[in-house]
Amino acid sequence: MFASLTAYLDSIRARDPAPRSRWEILLYPGLHAVGLHRVAHWLFMRRLFFLARFVNHFARFFTGIDIHPGARIGRHLFIDHGFTVIGETAEIGDNVTIYQCVTLGGTNPANGVPGKRHPTLCDNAIIGSGAQILGPITVGPRARVGANAVVTEDVPEGATMVGLKARSTLVPVETWLKDFIPYGTPCKEPCEPTGGSRVDELEAEVALLKAQVAALLAQNAPDEANTPAPVSGGPRRRSRS
C-alpha cells in the first residue's frame, strides 16, 4: 500500500512543478477527494447508498470537489486545485489530469431511463481548467481539452480540443505524442486550425484591394491633367449710365 501511495504521489509531482516534496502533495484537496471517493465507491457498489452519499457529502464539504460515488476512477487521477464535478456514470482511466472548475456532466435521457449519461476519459487525457464535457461521449487516450472548452462529441485519440463549441486544433503528430502538456492547451502552437489562417486571408485581400485602388488612381491621373481648369467668374455686365 505504501508503494502504491508513493507511486501516486510521484505521478502527481511529475505533472505539477509546484510541490517541493511528497509531503506537500499530501495536503492537496484532489488527493483527499480521490481517497474519500474510493471509500464512497466501495460502499456504493455494495448498495449502501446512504453511507456512500454521506462520505461523498463530507468529501465535497472538505475538498470542494464533488465526485459521485458511482463514478469509476482509474489509477493516478490528479485533480489540481479542485471545484470539479464528476457525475455518476463517468468513467476515468489511468493517469488522467483534471484542472480546476471542470464538469463531467450528464444529459437527460430521452426515454427517462437512467443509463450512461456522463463522459468517459481514457488514459492520459488532460482536461484544462473550466472545461465542460457533457454527455456520454469518449475523450480518447492522450487527448487534451483546452481551458473553458465545451465538448459534446467524441474526441479522437491524441487530439487537442479548444473553443466553444470545442473543435480540434489539428496539432501535428510529433506534437501530440508528447507525454504531458499543462492545462491541456498547447503553449507554442496556435490554437486555430492549421489548414489556413483567416487573418492571413484577410491581409492578402486587403493588399489586393490596395493594389486595385492604386491602379485606378494611376489610370485616371492623365485624364485629370488634360482637363482645362474652369474659368473663375462670368462675363461682366455693362452698367447703364
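**A walk through the predicted model**

Arg-142 is partly exposed, with a relative accessible area of 25%. This residue belongs to a predicted model, and its place is in the loop between S11 and strand S12 (144-145). Its backbone has an uncommon feature: phi is near 65°, a positive value, although Arg-142 is not a glycine. Most residues other than glycine have a negative phi, and most peptide bonds are trans.

Cys-101 also has a positive phi, of about 60°, without being a glycine. This residue sits in the loop between strand S6 (97-98) and strand S7 (103-105). Its relative accessible area is 40%, so Cys-101 counts as partly exposed, a class that lies between 20% and 50%. A further backbone feature is found at the peptide bond from Leu-164 to Lys-165, which is cis, with omega near -10°. Lys-165 is in the loop between strand S14 (160-162) and strand S15 (167-168).

The loop of Arg-142 starts from S11, and that strand leads to a sheet. The sheet is open and has 4 strands in the order S2-S5-S8-S11, with parallel pairing. Strand S2 (72-73) and strand S11 (138-139) are its edges, each pairing on one side only. Strand S8 (residues 120-121) runs parallel to S11, and 2 bridges join them. Within this pair, Thr-120 stands opposite Thr-138 in S11.

Next comes the helical part. Asn-56 lies in helix H4 (residues 49-63). Is Asn-56 buried or exposed? Its relative accessibility is 5%, and buried means under 20%, so Asn-56 counts as buried. Its side chain makes a polar contact of 3.2 Å with the side chain of Asp-66. Leaving aside neighbours within four places in sequence, Asn-56 is in contact with Ala-40, Asp-66, Ile-67, His-68 and Pro-69.

Asn-56 also helps to line a cavity. Rolling a probe the size of a water molecule over the atoms shows where empty space is left. The structure holds 1 cavity of 30 Å³ or more, and the largest cavity has a volume of about 40 Å³. Besides Asn-56, its lining is made up of Ala-33, Leu-36, His-37, Ala-40, Ala-59, Ile-65 and Ile-67. Helix H3 (29-45) and H4 are the elements that give two or more residues to this lining. Which element gives the largest share of the lining? That is H3, with 4 residues. By class, the lining has 6 nonpolar and 2 polar residues, and no charged ones. Two of the lining residues, Ala-40 and Ile-67, are also among the contacts of Asn-56.

How values were computed. Residues are numbered from 1 along each chain as its sequence is written. This is a predicted model: local features need pLDDT of at least 70, side-chain atom pairs count only at pLDDT 80 or more; totals for chains, interfaces and linings use all residues. Side-chain values use heavy atoms; hydrogens and water are left out. Buried means under 20% relative accessible area, exposed over 50%, partly exposed in between (1.4 Å probe, protein chains only). A polar contact is a pair of N or O atoms within 3.5 Å; within protein, one must be able to donate a hydrogen and the other to accept it, and residues adjacent in sequence count only if both atoms are side-chain atoms. Contact means heavy atoms within 4.5 Å. Two strands pair if DSSP finds at least two bridges between them. On a 1 Å grid over the protein atoms alone, a cavity is a set of points where a 1.4 Å probe fits but cannot get out, and a pocket is an open set with protein on both sides within 12 Å along at least five of seven lines; lining residues have an atom within 4 Å of a point. Grid points are joined across faces, edges and corners, and a volume is the space filled by probe spheres set on the points. Ala, Val, Leu, Ile, Met, Phe, Trp, Tyr, Cys and Pro count as nonpolar, Asp, Glu, Lys and Arg as charged, and the others, Gly among them, as polar.
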